Amino acid sequence: MRTPLNTIIFFLQRILQMISQRPFDTDCLPRITTYSELMMSQLKLMETFIEDLLDLRLMRDGIMTLNSEMFDPKETLDMIQNIFIPQAKGKSIKIEVFAV
C-alpha cells in the first residue's frame with residue numbers, strides 16, 4: 001500500500017506547487033487533470049489492496065475459497081508501469097516493460 005500512497009503524495013505535491021503560483025497559470029490545468037486522474041487510479045488500487053487484505057483474513061479464517069480467473073497480462077503490466085513511472089521520472093530513472 002505504500003507505493004500507491006507515495007504516488008498520490010507525489011502528485012498532490014505537484015498540484016499544490018502549480019496552484020500556489022501567483023498569478024495562477026491556467027496552462028497547468030491539463031497537467032492537474034492528468035495528475036488527478038492518476039491519483040484516482042492509485043486510490044482505486046489502494047482500495048483493491050485493502051479488499052484483498054480483508055479477503056486474506058477471510059481465507060485464513062476458513063470463510064472464503066479461491067477461484068481461478070482469467071486476466072489480461074498486458075493490462076496488468078500497464079497498471080504496474082503506471083504506478084512506478086511517475087516516481088521513477090522524479091528520480092531520473094527510466095523504466096521499460098517488455099512483454100513476451
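In which helix is Gln 42 found? Gln 42 is found in helix 2. I begin with this residue and then turn to the aromatic rings, the salt bridges and the surface. Please bear in mind throughout that the model on the screen is predicted.

A word on confidence. The mean pLDDT of the protein is 83, and 96% of the residues score at least 70. Confidence is highest in helix 2, residues 29-60, with a mean of 86. It is lowest in helix 1, residues 2-19, where the mean is 81.

Let us return to Gln 42. Its relative accessibility is 3%, so Gln 42 counts as buried, the limit for that class being 20%. Leaving aside residues up to four places away in sequence, Gln 42 touches Pro 4, Thr 7 and Ile 8. Asn 82 and Ile 83 are also contacted by Gln 42.

I now come to the aromatic residues. A pair of aromatic rings is described by the distance of the centres and the angle of the planes. The count here comes to two aromatic pairs. One of them joins Phe 10 and Phe 11, with 5.2 Å from centre to centre and 75° between the planes. That pair is edge-to-face, because planes over 60 degrees apart are assigned to that class.

The other partner to consider is Tyr 35. The ring centres of Phe 11 and Tyr 35 lie 4.7 Å apart and the planes meet at 40°, so this pair is tilted. The pair links distant parts of the chain, with Phe 11 in helix 1 and Tyr 35 in helix 2, 24 residues apart. Through these ring pairs, Phe 10, Phe 11 and Tyr 35 are joined into a cluster.

Are the members of this cluster buried or exposed? Phe 10 is buried, with a relative accessible area of 17%. Phe 11 is buried as well, at 3%. Tyr 35, at 18% relative accessibility, also counts as buried.

Next, the charged side chains. Side chains of opposite charge can pair when their charged atoms come close. How many salt bridges does the structure hold? The structure holds three salt bridges. Asp 61 meets Arg 57 in a salt bridge of 3.3 Å, N to O, and Asp 61 meets Arg 60 in a salt bridge of 3.2 Å, N to O. Arg 57, Arg 60 and Asp 61 are thereby linked in a network. As to accessibility, Arg 57 is partly exposed at 39%, Asp 61 is partly exposed at 38%, and Arg 60 is exposed at 63%.

A further salt bridge is formed by Lys 74 and Asp 78, at 3.2 Å, N to O. Because these two residues are four apart in helix 3, about one helical turn separates Asp 78 from Lys 74. Lys 74 counts as exposed, at 52% relative accessibility, whereas Asp 78 counts as partly exposed, at 30%.

Finally, the surface. A nonpolar patch of about 470 Å² is made by Met 79, Ile 80, Phe 84, Ile 93, Ile 95 and Val 97. Where is Ile 95 placed? Ile 95 is in the segment after helix 3, which comprises residues 73-90. With a relative accessible area of 30%, Ile 95 is partly exposed.

To close, I would leave you with two features to locate on the screen: the cluster of Phe 10, Phe 11 and Tyr 35, and the salt-bridge network of Arg 57, Arg 60 and Asp 61.

How values were computed:
Residues are numbered from 1 along each chain as its sequence is written. This is a predicted model: local features need pLDDT of at least 70, side-chain atom pairs count only at pLDDT 80 or more; totals for chains, interfaces and linings use all residues. Side-chain values use heavy atoms; hydrogens and water are left out. Patches are made of residues with over 30% relative accessible area and no salt bridge: like charges are joined within 9 Å, nonpolar side chains (Val, Leu, Ile, Met, Phe, Trp, Tyr) within 5 Å. Accessible areas come from the Shrake-Rupley method with a 1.4 Å probe; for residues, only the protein chains shown count as cover. A salt bridge is a side-chain nitrogen of Lys or Arg within 4 Å of a carboxyl oxygen of Asp or Glu. Buried means under 20% relative accessible area, exposed over 50%, partly exposed in between (1.4 Å probe, protein chains only). pLDDT is the predictor's confidence in each residue, from 0 to 100. Contact means heavy atoms within 4.5 Å. Rings of Phe, Tyr and Trp (its six-membered ring) pair if their centres lie within 6.5 Å; planes under 30 degrees apart count as stacked, over 60 as edge-to-face and the rest as tilted.
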